[in-house]
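Visitor: I would like a close look at a single part of this model, the largest cavity. Could you take me through what surrounds that space and then set it in the context of the chain?

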Amino acid sequence: MTDAVIYVLLVDDDLAHALLARRACFKNSPSCRLTHVTNGEACLKRLTSEHFDVVLLDYSLPYQNGLEVLAQIQKLESPPPVILVTGHGDERIAVEAMKLGAFDYLVKSVDLSHFEMMPWAIQRAVEQHRVQIERQRLEAQLIQSERFAAIGQLASHVAHEIRNPLSSIGLNMDLLADEIAYGPEINVPEAQELLRAIRIELERVNDIVSEYLAFARLPRFEFEMESLNTVIQAFCKFVEPQLHQAKVILKTDLDPNLPHTLLDPEQIHRILHNFLKNAIEAMAQGGEFAIETRVESDRIILRISDTGQGIPPSDLQRIYDPFFTTKKGGTGLGLPLAQEIIKQHQGTIRCDSVLGQGTQFTITHPIQDKETNGQREGEKVIN
């Protein structure tokens with residue numbers, strides 16, 4: 001082992017075994033600092049008040065066994081790596097420990113040879129954990145850099161997109177002012193048309209700003225146990241006037257056996273509206289907009305399709321890129337935002353499109369039960 005100080009928390013109620021473990025660690029690394037406790041409660045108390053690089057956790061403990069203590073350790077904010085020490089013939093327990101998040105395990109041997117392996121297991125756990133922490137730090141730094149770059153690009157696009165409607169508003173305001181100041185009589189129809197044009201441009205500015213802000217500052221998610229079908233039915237009722245005006249026929253095929261799962265109804269409503277908006281724009285003469293839900297294994301499948309003009313194959317790989325758009329006046333942020341919302345729901349999205357026939361989005365969402373993230377039905381999980 002190296003001379004770097006390693007802080008080890010040993011959890012073992014066998015004092016003789018604890019003494020041998022201490023001697024083995026000191027023999028290979030005099031700078032090793034080992035703290036010994038005899039039960040899970042003392043272990044957790046130490047971990048919440050002191051820093052340790054690794055935990056040596058014996059399976060056979062009073063009150064709680066090692067697996068139960070391991071599960072509690074893994075719930076801590078930044079748990080250190082855990083090496084579970086089991087008795088001979090407890091390989092099944094060791095496998096279960098690895099599933100619960102243990103870094104490694106050691107099997108006690110009759111000839112005590114496992115003490116020779118212990119220092120090296122500790123060193124390996126500490127080194128790999130430090131590498132993992134450094135990788136996470138670098139990844140966070142990279143994400144931050146990319147976010148700043150995206151914000152700079154965002155500011156540039158906002159300025160560009162808003163300039164045109166602001167110019168139009170200014171021109172119409174000037175025309176309206178001339179109408180009021182110099183006209184012997186105000187031409188009411190013309191004045192009303194100017195006001196209507198101003199109102200349209202103001203709404204356009206508001207839509208642009210709202211969409212950019214939604215992308216730059218992701219919403220605060222509030223997850224609750226809800227049926228996706230219920231959200232879809234509420235959405236369909238809400239957009240009935242919009243569908244009628246656009247001459248779009250709505251078709252739904254909702255699985256009646258769809259289970260409740262953790263989701264944010266408001267954000268699901270947002271992405272459904274985005275898909276509908278895109279579909280209407282792709283079906284200038286009207287068409288069909290379909291929503292389907294299914295349960296497949298442990299996942300919920302949501303399919304959204306239209307009979308529009310379709311997406312060229314060359315554009316399919318770019319539709320989730322921020323600011324990419326082929327629509328006049330489009331911001332190119334609707335689908336990237338939808339993708340991010342779906343990711344926050346631990347889901348995936350796939351797009352299939354045929355030119356001249358239409359587009360289908362397939363969203364796959366895991367079924368999360370009442371105990372997901374420690375929550376029960378009726379409670380909210382806020383990110």
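Guide: What follows goes through the cavity, its lining, the aromatic pairs and two loop residues in turn. Please keep in mind that this is a predicted model.

The structure holds 1 cavity of 30 Å³ or more, and the volume of the largest cavity is about 120 Å³. As a general point, rolling a probe the size of a water molecule over the atoms shows where empty space is left. Among the residues that line the largest cavity are Leu228, Thr261, Leu263, Ile268 and Ile271, and the lining also includes Ile300, Leu302, Ile342, His345, Ile363 and His365. Two or more of the lining residues come from each of the elements β8 (261-263), α9 (265-282), β10 (299-306) and β12 (358-366). Sorted by class, the lining of the largest cavity has 8 nonpolar and 3 polar residues, with no charged residues.

Helix α9 and strand β12 also take part in an aromatic pair, since Phe275 lies in helix α9 and Phe361 in strand β12, 86 residues apart, and the pair links distant parts of the chain. Phe275 and Phe361 are tilted with respect to each other, at 4.7 Å centre to centre and with 35 degrees between the planes, and both residues are buried. The structure holds 2 aromatic pairs; another one is formed by Phe221 and Phe223, which are stacked at 5.8 Å centre to centre with 10 degrees between the planes, and both Phe221 and Phe223 are buried.

Strand β10, which gives two or more residues to the lining, also borders a loop that deserves a look. Ser297 sits in the loop between β9 (287-296) and β10, and its phi is near 60 degrees, a positive value in a residue other than glycine. Ser297 is exposed, with a relative accessible area of 73%. Tyr63, in the loop between β3 (54-58) and α3 (66-73), likewise has a positive phi, of about 75 degrees, although it is not a glycine; Tyr63 is exposed, with a relative accessible area of 80%. In general, most residues other than glycine have a negative phi.

For the wider setting, the chain has 11 helices and 13 strands, and buried residues make up 41% of its 383 residues. Of the contacts in the chain with a separation of 6 or more, 71% are between residues 24 or more positions apart. The accessible surface of the chain comes to about 21800 Å², and carbon and sulfur atoms account for 53% of that surface.

Definitions and conventions: Residues are numbered from 1 along each chain as its sequence is written. This is a predicted model: local features need pLDDT of at least 70, side-chain atom pairs count only at pLDDT 80 or more; totals for chains, interfaces and linings use all residues. Side-chain values use heavy atoms; hydrogens and water are left out. Helices (H or I, at least four residues) and strands (E, at least two) are DSSP runs, numbered from the N terminus. Buried means under 20% relative accessible area, exposed over 50%, partly exposed in between (1.4 Å probe, protein chains only). Contact means heavy atoms within 4.5 Å. Accessible areas come from the Shrake-Rupley method with a 1.4 Å probe; for residues, only the protein chains shown count as cover. On a 1 Å grid over the protein atoms alone, a cavity is a set of points where a 1.4 Å probe fits but cannot get out, and a pocket is an open set with protein on both sides within 12 Å along at least five of seven lines; lining residues have an atom within 4 Å of a point. Grid points are joined across faces, edges and corners, and a volume is the space filled by probe spheres set on the points. Ala, Val, Leu, Ile, Met, Phe, Trp, Tyr, Cys and Pro count as nonpolar, Asp, Glu, Lys and Arg as charged, and the others, Gly among them, as polar. Rings of Phe, Tyr and Trp (its six-membered ring) pair if their centres lie within 6.5 Å; planes under 30 degrees apart count as stacked, over 60 as edge-to-face and the rest as tilted.
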